[in-house]
Amino acid sequence: MHPPSHSHWIAAALTSLALSVCAGGCKSLPPSKPSSEWTAQEARGAQVYQEKCARCHYPTSTRGLHGPGLQALTKVKAMPSGAPPTDERLTEVILHGHQMMPATPLDDDQLRDLLAYLHTL
Ligand code: HEC
């Protein structure tokens, strides 16, 4: 039988192992802005995202769904295609689609709100 102190030691050792492995090599992305701090515009953009994008893209992960996860989308140097994540490029991809991604028609307000939201990711 393992005394409890023993399993605590194992847990502590595993935790520090994980931390030291990550300190060397984990590329951690900058955190998303918490929803409690969203502006009204960002919150409206999140709604647009839920309606139009969420079925194909995870917002808080880089894991793929139907399309790539969009965590930290506007904070990285390049998107999966290699293009920089400028508002111009995002607008182009959203309104006109890109390869396997269908075009998403949005009015100007929806587009502005969505872009504001994408900057929080
Ligand atoms: C039907 C699924 C689907 C929907 C809906 C969708 N996407 Fe995509 N998206 C994709 C796929 C698939 C790709 C990868 C396209 C490719 O081949 O480069 C992609 C790629 C992207 C990229 C990366 C572009 C690049 O240059 O690498 C962005 C940004 C993006 N989508 C944003 C959005 C946003 C914002 C919305 C909502 C308006 C949205 N997508 C809706 C499937 C979708």
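A polar contact here is a pair of N or O atoms within 3.5 Å. With that cut-off in hand, let's walk through this predicted model, starting at the ligand.

R89 is a good place to begin: one of its polar side-chain atoms lies 3.3 Å from an oxygen atom of the ligand, so the pair falls within the 3.5 Å limit for a polar contact. Two histidines join in. The side chain of H98 places an N or O atom 2.8 Å from an oxygen atom of the ligand, while for H57 the partner is a nitrogen atom of the ligand, again at 2.8 Å from a side-chain N or O atom.

Now step back to the whole shell. It holds 24 residues, and those that come nearest to the ligand are C53, C56, H57, S81 and M101. By class, 14 of the shell residues are nonpolar, seven are polar and three are charged. Helix 3 (87-96) and helix 4 (108-118) each contribute at least two residues to this shell, with helix 3 giving the largest share, three residues.

Where does the ligand sit? You will find it in the largest pocket, which encloses about 660 Å³ of space. The pocket is lined by 29 residues, and H57, G67, P68, V93 and M101 are the closest to its centre. Helix 2 (40-52), helix 3 and helix 4 each give two or more residues to the lining; helix 3 again has the largest share, here four residues. As for chemistry, the lining comprises 18 nonpolar, seven polar and four charged residues.

H57 and M101 are worth a second look on screen: both are among the residues nearest the ligand, and both are among those closest to the pocket centre.

Conventions:
Residues numbered from 1 in each chain as written. Predicted model: local features only at pLDDT ≥ 70, side-chain atom pairs only at ≥ 80, totals over all residues. Heavy atoms only, no water. Near = heavy atom within 4 Å. Polar contact = N/O pair within 3.5 Å; in protein donor to acceptor, adjacent residues only side chain to side chain. 1 Å grid on protein atoms, 1.4 Å probe; cavity = no way out; pocket = protein on both sides within 12 Å on 5 of 7 lines; lining within 4 Å. Sits in = over half its atoms within 2 Å of the grid points. Nonpolar A, V, L, I, M, F, W, Y, C, P; charged D, E, K, R; others polar. Points joined across faces, edges and corners; volume = space filled by probe spheres on them.
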